[in-house]
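I opened this notebook to keep track of what I looked up about enclosed spaces, open pockets and aromatic rings. The entries follow the order in which I went through them.

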Amino acid sequence: MATTTVRPRTVIPLAPRTHKAPALRHLGPNWYASVMGTAIVANAGATLPYQVPGQRVACQIVWALSAVALTVLLTARAGHWLHHRDQARAHLLDPAVAPFYGCLAMALLAVGGGTLIVGKDLIGEPAAVAVDAALFTAGTAIGLLMAVVVPYLMVVRHKVEAAQATPVWLLPLVAPMVSAALGPLLIPHLPAGQPREALLLACYAMFGISLLATLLMLPLVFGRLIMSGPLPLLLTPTLFLVLGPLGQSTTAVNQLADMAPQAIGDPYAGALGAFAVVYGVPVMGFALLWLALAAAMLVRAARNGMGFAMTWWALTFPVGTCVTGAAALARHTGLTAFAWLAAALFLALLTAWLLAAAHTLRGLFSGRLLPKTR
């Protein structure tokens, strides 16, 4: 009987498993800041006390750009969670990244508000109301959730020290203030009576949530600067994030005061109108003080070789909230000085946006910002 020689099987090693869409692995929630910064240019430009020919058309174009950017980014971030869930979870557990989840809410809110401010010229008011209602609802829900989740993680999971405090910690706390500032846009589109009053008071409640939480967090940030010195160069632009709750709260109280007569009536409507000025003027004064301090630190960082990073987008949205705050005070007080301040701040906002957008596009095309690595 013939014998059969059995040869050993050759085992071919399997190729290592690769991640799909490797560039998306590096796409963090901080990218929503670019949408916020773009939307605020349109929103602030359309509400300036001074308007020049073609200004509203330019704002419409910028709003459309922010809406497209939001759509693309939402899709890309969904892919990030689908293909790189480990990295997404790591972001939540990273105290330096987790606060940026507040930017998702603010991006939704900023684009939604812009839809009613300028987007209605392109898509019609009924569609604009529907879009804003959807984005406002989603943005507010996510903002309130992140205002709880991120501080909870900082307490129970993140290992942080006082020397690590940065203005980035304010991001999840500012989102409810953005809701308070943009919610009044929807009040006239609600039925008179209880619905309008409920939204008005809900916005004041979110104003309180964000303001008091900011007052708790801001001393930690300022104390870190005093005790530990300047922030690292690439984090220096985040100093401008402190302007966010200041400018946005000023905008909020003035926007709410405009809508109070339609929602709540006297004597509260008159009191809320007075509160808008009594609160807004001192807070805007402090915002200008912090703006001068942050600008001085930014000049220092630039002289020491600060390069581009996505933190440059911190120079846009917070400054934009001061533009809308100053414009609202100009409307309520009648002072030309506030109108000039709004115009000057808008020019600074536009300059910062052009610089951040140009460097971001260059970084995307070169592959430096989203490298295609595993």
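Entry 1, burial. I take a residue as buried when its relative accessible area is under 20%, as exposed when that area is over 50%, and as partly exposed in between. The model I am reading is a predicted one. With that cut-off in hand, I looked up phenylalanine 308 and found that it is buried, and that tryptophan 312 is buried too.

Entry 2, aromatic pairs. I noted that a pair of aromatic rings is described by the distance of the centres and the angle of the planes. The count came to six aromatic pairs. One of them is formed by phenylalanine 275 and tyrosine 279, a tilted pair with 5.6 Å from centre to centre and 35° between the planes. I then asked how far apart these two sit in helix α9: they are four residues apart, so about one helical turn separates phenylalanine 275 from tyrosine 279. Phenylalanine 275 counts as partly exposed because its relative accessibility is 32%, whereas tyrosine 279 is buried, since its relative accessible area is 12%. Phenylalanine 308 and tryptophan 312 make an edge-to-face pair, with 5.1 Å centre to centre and 80° between the planes. I also recorded one aromatic cluster, formed by Phe207, Phe275 and Tyr279.

Entry 3, cavities. How many cavities of 30 Å³ or more does the structure hold? I found two, and the largest has a volume of about 70 Å³. Among the residues that line this largest cavity are Met36, Met106, Leu170, Gly244 and Phe317, and the elements giving two or more residues to its lining are α6 (171-182), α8 (243-263) and α10 (317-333). Its lining divides into nine nonpolar residues, one polar and no charged. The second largest cavity has a volume of about 30 Å³, and its lining includes Leu243, Met284, Val319 and Leu345. Here α9 (268-303) and α10 each supply at least two residues, with the largest share, four residues, coming from α9. This second lining holds eight nonpolar residues, no polar and no charged.

Entry 4, the largest pocket. I read about 720 Å³ of space in the largest pocket, which is lined by 35 residues, the closest to its centre being Asn30, Ala96, Phe100, Met310 and Thr311. The elements that give two or more residues to this lining are α1 (32-46), α3 (85-92) and α10. By class, the pocket lining divides into 23 nonpolar, nine polar and three charged residues.

Methods:
Residues are numbered from 1 along each chain as its sequence is written. This is a predicted model: local features need pLDDT of at least 70, side-chain atom pairs count only at pLDDT 80 or more; totals for chains, interfaces and linings use all residues. Side-chain values use heavy atoms; hydrogens and water are left out. On a 1 Å grid over the protein atoms alone, a cavity is a set of points where a 1.4 Å probe fits but cannot get out, and a pocket is an open set with protein on both sides within 12 Å along at least five of seven lines; lining residues have an atom within 4 Å of a point. Grid points are joined across faces, edges and corners, and a volume is the space filled by probe spheres set on the points. Ala, Val, Leu, Ile, Met, Phe, Trp, Tyr, Cys and Pro count as nonpolar, Asp, Glu, Lys and Arg as charged, and the others, Gly among them, as polar. Rings of Phe, Tyr and Trp (its six-membered ring) pair if their centres lie within 6.5 Å; planes under 30 degrees apart count as stacked, over 60 as edge-to-face and the rest as tilted. Buried means under 20% relative accessible area, exposed over 50%, partly exposed in between (1.4 Å probe, protein chains only).
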